[in-house]
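Dear colleague,

I am passing on the structure we spoke about, and the sequence and coordinates are shown just below. After them I set out what was found, one part at a time.

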Amino acid sequence: MIESLELNTKSKDEDYNILNLGPTHPATHGVFQNILKMDGEIIHDATSTIGYIHRAFEKIAEHRPFYQITPLTDRLNYCSSPINNMGWHMTVEKLLGVETPKRVDYMRVIIMELARIADHLVCNAVIGVDTGALTGFTYMFQWREKIYDIYEQVCGARLTTNIGRIGGLERDFTPECIRLIREFLNDFPKYFDEFAGLLERNRIFMDRIINVGPISAERALNYGFTGPNLRAAGVDYDVRVMNPYSSYQDFDFTIPLGTQGDTYDRFMVRQYEIRESLKIITQALENLPEGKFFADVPDFFLPPKQEVYNNMEALIFHFKIIMGEATVPVGEVYHSVEGGNGELGFYMVSDGGRAPYRLHFRRPCFIAYQAYPEMIKGSMLSDAILTMSSMNIIAGELDA
Amino acid sequence: MVNIDNEYILTEITNQFGDKVYRSYEPYGLLTIEFDKNNIKDLLSFLYNHQELQMQFLTDVCGTHYPDVKGKEIGVIYHIHSLINNVRLRVKCYMPIENPSIDSATFLFSSANWQERETFDFYGVNFVGHPNLKRILNADEMDYFPMRKEYPLEDGTRTDKDDSYFGR
């Protein structure tokens, strides 16, 4: 990479072309602007401009009761909203010191792993699109829709799910929901293998993406990479294993690793993670414990409507929750979950008030994306597009 | 092999820096220290190069604002993680709001670059030694730091909304 840079180094600045890639370029999936300094088709230098869809979530969160922050987290990484929702619920539960029943943990794991599959499917299918293979994309989107059908059964929403509550889930899995999950587990692997057959060992595809946008493990760590991007570079850091939350320690799964940190490795790590996620969902569904689907936190978990209308106590709690008058302990807490593309952390400072005093989202995209100029320097323009889609940068999470 | 726990980390840091550690506590099991802002560079490189600790992963940098604590209004909070030992550390540095400035961590962590720009953007912290300290999420021509507590969420001159019932 460095050699090619030197070969193409020109002496004067006017010998370069400046190219504005974005903010609304159809090849970059989302609002990204990169100002590229081009030498022919080779990228000599790049500057990223971000913030086009900044919505000041951290400021808004300082003015909202805890349960109203869940919809904000939906809009971070909107390809895997349920993981963000669960991460936020668990942060508040950690602050409150709530112990959730095993059933809640397992149900959450099922939903989070479904979300991970949906997230990775979109990313990998889009890598296919960017190399000119549209077939896999249309094929896999059908299965993303099936995952959204399951969300719909669980919570009624599809994309920005606002799934679950502080303390548990809003309702138990319905028989129809269980049926849909089983159907998905049964049918999906066959189609996924076909998708994998299209791309994984496809000579043309491999030649196209191997050695595109590589990053070494050392640089990746220094840049704060997490998730599949870091694991593709060969570092086995996964929050699910390192700091298990929501009973992840009960499940048997492996962490796929790459070696080169290039686009192909990122693609393959995601492919194998999808298979591991399927394994986790199967185990969780087989061993789904009996019991309640919510913890005993009447200050935060809404009582059933039937009781609100007929029971004085439930009515009081309903009002307290809706008006955000529940008391919370003073303290600060950091909790992180393995999001679709890395460690999604929530740092919350609570002063005992109705809203967090300070809430900071550690967004994996935001931190990883600053390595992008370094990764594309010296490569072709078309490779830069591929590098971005393989890093799975989601604009909503990038800009918060 | 020594047992790396919060107690060990704290001892190592106090042995090295002594009274530069103003305060230490463990909210929810995560060792938190308040540290002298003038020596943050030394602390970060000490933790990075320490034989046993190897705290080489900067998880997060963010700011806070406490308008009532005079002389220590603005805070910068680092979350550092040792991936080898799987221990985390939270370091807090406070500084006066008149001239909030602290040394940049970019000399050690490339990931600090944008996170410090974000903190500058929201809280106006001047990171000395940062290669490109300018706004990142907000518009360049903005002339205030919006996450500071004195700025309301919405335009304060609006009269059509009464949020007092909701405690805002």
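From the N terminus on, the elements of chain B follow the order α-β-β-α-β-β-β-β-α-β, which amounts to three helices and seven strands. Please keep in mind while reading that this is a predicted model.

**Chain B**

Taken along the principal axes, the C-alpha atoms of chain B fill a box of roughly 65 × 35 × 30 Å, and of its 168 residues 38% count as buried. Among the contacts in chain B with a separation of 6 or more, 49% come from residues 24 or more positions apart.

Five strands of chain B form an open sheet with mixed pairing, in the order E1-E2-E5-E4-E3. At its edges stand strand E1 (21-25) and E3 of chain B, and because each has a single partner strand, one side of each is left without a neighbour in the sheet. Direction ignored, neighbouring strands of this sheet are turned by 20° against each other on average.

At one of these edges, E1(B) pairs with strand E2 (residues 32-35) of chain B in the antiparallel sense, over four bridges, and B:Tyr25 has B:Thr32 in E2(B) as its bridge partner. Helix H1 (residues 6-17) of chain B lies across E1, E2 and strand E5 (87-95) of chain B, and it runs at about 175° to E1(B).

**Where chain B touches chain A**

The two chains meet through 27 residues of chain B, which are in contact with 30 residues of chain A. On the chain B side, the elements that give two or more residues are strand E3 (57-65) and helix H3 (112-123) of chain B, and E3(B) gives the most, with six residues. E3(B) is thus a strand that you will meet twice, since E3 of chain B also stands at an edge of the five-stranded sheet. By class, the side of chain B that touches chain A has 14 nonpolar, 11 polar and two charged residues.

**Chain A: the sheet of three strands**

Chain A has an open sheet of three strands in the order E1-E2-E3, with antiparallel pairing. The edge strands are strand E1 (17-21) and strand E3 (42-49) of chain A, each of which pairs on one side only, and the twist averages 25° from one strand to the next.

E1(A) is joined by five bridges to strand E2 (residues 33-39) of chain A, and the two run antiparallel. Within this pairing, A:Ile18 stands opposite A:Lys37 in E2(A), while A:Leu19 stands opposite A:Leu36 in E2(A). On the other side, seven bridges join E2(A) to E3(A), again antiparallel, and the bridge partner of A:Asp39 in E3(A) is A:Ile42. The hairpin of E2(A) and E3(A) has two residues between the strands, and in it A:Gly40 takes a positive phi near 65°.

**Chain A: the two domains**

The domain assignment divides chain A into domain 1 (2-49) and domain 2 (57-399), and the C-alpha centres of these domains lie 32 Å apart. Between them, 15 residues of domain 1 of chain A are in contact with 16 residues of domain 2 of chain A. On the domain 1 side, the elements that give two or more residues are helix H1 (2-7) and E3 of chain A, with E3(A) giving the most, six residues. By class, this side of domain 1 has seven nonpolar, six polar and two charged residues.

**Chain A: a buried helix and an exposed glutamate**

Is helix H4 (residues 81-96) of chain A mostly buried or exposed? Of its 16 residues 15 are buried, so H4(A) is largely enclosed by the rest of the structure. Its length also agrees with expectation, because at 1.5 Å a residue the 16 residues should span 22 Å, and the end C-alpha atoms of H4(A) are 23 Å apart. After H4(A) comes A:Gly97, whose phi is positive, near 75°.

A:Glu290 is found in the loop between helix H12 (263-286) and helix H13 (305-310) of chain A. A:Glu290 counts as exposed because it has 7 other C-beta atoms within 10 Å, where the limit for an exposed residue is 12 or fewer. The C-alpha atoms of A:Glu290 and A:Glu313, which are 23 residues apart along the chain, are separated by 27 Å.

With best wishes

Definitions and conventions
Residues numbered from 1 in each chain as written. Chains lettered and ligands numbered in written order. Predicted model: local features only at pLDDT ≥ 70, side-chain atom pairs only at ≥ 80, totals over all residues. Pairing = 2+ DSSP bridges. Axes fitted to C-alpha atoms, helices over the stretch in contact; angles between N-to-C directions. Contact = placed C-beta atoms within 7 Å. Nonpolar A, V, L, I, M, F, W, Y, C, P; charged D, E, K, R; others polar. Buried ≥ 20, exposed ≤ 12 C-beta atoms within 10 Å, placed from the backbone. Domains from an automatic or database assignment. Expected span 1.5 Å × (residues − 1).
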